[in-house]
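Colleague: I have the sequence and the structure open side by side, and I would love a close look at one part of it. Please pick a single spot, go through it slowly, and then work outward to whatever surrounds it.

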Amino acid sequence: MIGRLNHVAIAVPDLAAASDLYRKTLGADVSAPEALDEHGVTVVFITLPNTKIELLEPLGQGSPIARFLEKNPDGGVHHVCYEVDDIIAARDRLLDSGARLLGSGEPKIGAHGKPVLFLHPKDFNGTLIELEQA
């Protein structure tokens with residue numbers, strides 16, 4: 001069902017500083033920041049030859065990233081994102097197997113302009129999983 005690793009997301013307390021760290025220290029190609037109001041985050045993507053790193057900064061105090069950073073003030077790995085060929089078929093298969101989805105269970109449009117769903121971390125060894133339509 002899951003395809004390639006699309007990205008690893010890292011929550012950061014200061015997106016500009018984190019972007020500079022990746023750009024200047026590691027020589028990475030870092031995208032321009034993009035605010036995603038529906039998800040409560042501002043993101044940048046670091047392009048790697050085989051995947052991407054997503055840096056996430058909270059967009060307001062109601063952001064799930066703000067809550068994550070309260071527990072992890074220096075930031076840290078927030079989630080991993082896998083591609084799926086058919087997000088609705090993947091959702092239905094997961095629900096049939098007893099997996100829990102976060103939110104309503106209906107896909108939202110993610111940072112790449114494609115439908116995404118999040119799977120409950122307690123069902124996946126403590127790791128928040130994002131699925132993105134390939």
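**A close look at Glu83 and its surroundings**

Modeller: Happy to! Glu83 lies in strand β6, and that is a good place to begin. Please keep in mind that this is a predicted model. Its pLDDT averages 96 over the protein, and 100% of the residues score at least 70. Confidence is lowest in α2, where the mean is 94, and highest in β9, with 98.

Is Glu83 buried or exposed? Its relative accessibility is 13%, and the cut-off for buried is under 20%, so Glu83 counts as buried. Leaving out residues up to four places away in sequence, Glu83 touches Met1, Ile2, Gly3, Arg4, Asn6, Glu132 and Ala134. Two of these contacts lead on to other elements: Asn6 falls in β1, which spans residues 2–11, and Glu132 falls in β9, which spans 128–133. Lys114 makes a useful distance check: it is 31 residues from Glu83 in sequence, and the C-alpha atoms of the two are 10 Å apart in space.

Let us follow the contact to Ala134, which is found in the segment after β9. At 47% relative accessibility, Ala134 counts as partly exposed. Again leaving out residues up to four places away in sequence, Ala134 touches Glu83, Val84, Asp85 and Lys114. Asp86 is 48 residues from Ala134 in sequence, yet 7.6 Å from it in space, C-alpha to C-alpha.

A little further along the chain comes helix α3, residues 87–96, with Ile87, Ala90, Arg91 and Leu94 as its buried residues. Viewed down the helix axis, these buried residues of α3 fall within an arc of 100 degrees, so they line one face of the helix. They pack against β6, β8 and β9, which brings us back to the strand that holds Glu83. On the other side of α3, Arg93 and Asp96 are exposed.

β6 also has α2 as a packing partner. The buried residues of α2 are Ile65, Ala66, Phe68 and Leu69. Seen down the axis of α2, they fall within an arc of 160 degrees, so they line one face of that helix. They pack against β1, β4, β5 and β6. The exposed residues Glu70 and Lys71 sit on the face of α2 turned away from its buried side.

Strand β4, one of those partners of α2, holds Thr42. Thr42 has 11% relative accessibility and therefore counts as buried. Among the residues it touches are Leu55, Leu56 and Glu57, which fall within the β5 range of 52–58.

Last, which space do these elements border? The largest pocket holds about 840 Å³. Of the 36 residues that line it, Pro64, His78, Leu102, Phe118 and Leu128 are the closest to its centre. The elements that give two or more residues to this lining are β4, β5, α2, β6, β8 and β9. With five residues, α2 gives the most to the lining of the largest pocket. By class, that lining has 16 nonpolar, 12 polar and eight charged residues. So the strand we started from, β6, belongs both to the packing of α2 and to the lining of the largest pocket.

Conventions:
Residues numbered from 1 in each chain as written. Predicted model: local features only at pLDDT ≥ 70, side-chain atom pairs only at ≥ 80, totals over all residues. Heavy atoms only, no water. 1 Å grid on protein atoms, 1.4 Å probe; cavity = no way out; pocket = protein on both sides within 12 Å on 5 of 7 lines; lining within 4 Å. Points joined across faces, edges and corners; volume = space filled by probe spheres on them. Helix = DSSP H or I, 4+ residues; strand = E, 2+ residues; numbered from the N terminus. Nonpolar A, V, L, I, M, F, W, Y, C, P; charged D, E, K, R; others polar. pLDDT = per-residue confidence, 0-100. Buried < 20%, exposed > 50% of the residue type's maximum accessible area, 1.4 Å probe, protein only. Arc of directions from axis to C-beta. Contact = heavy atoms within 4.5 Å.
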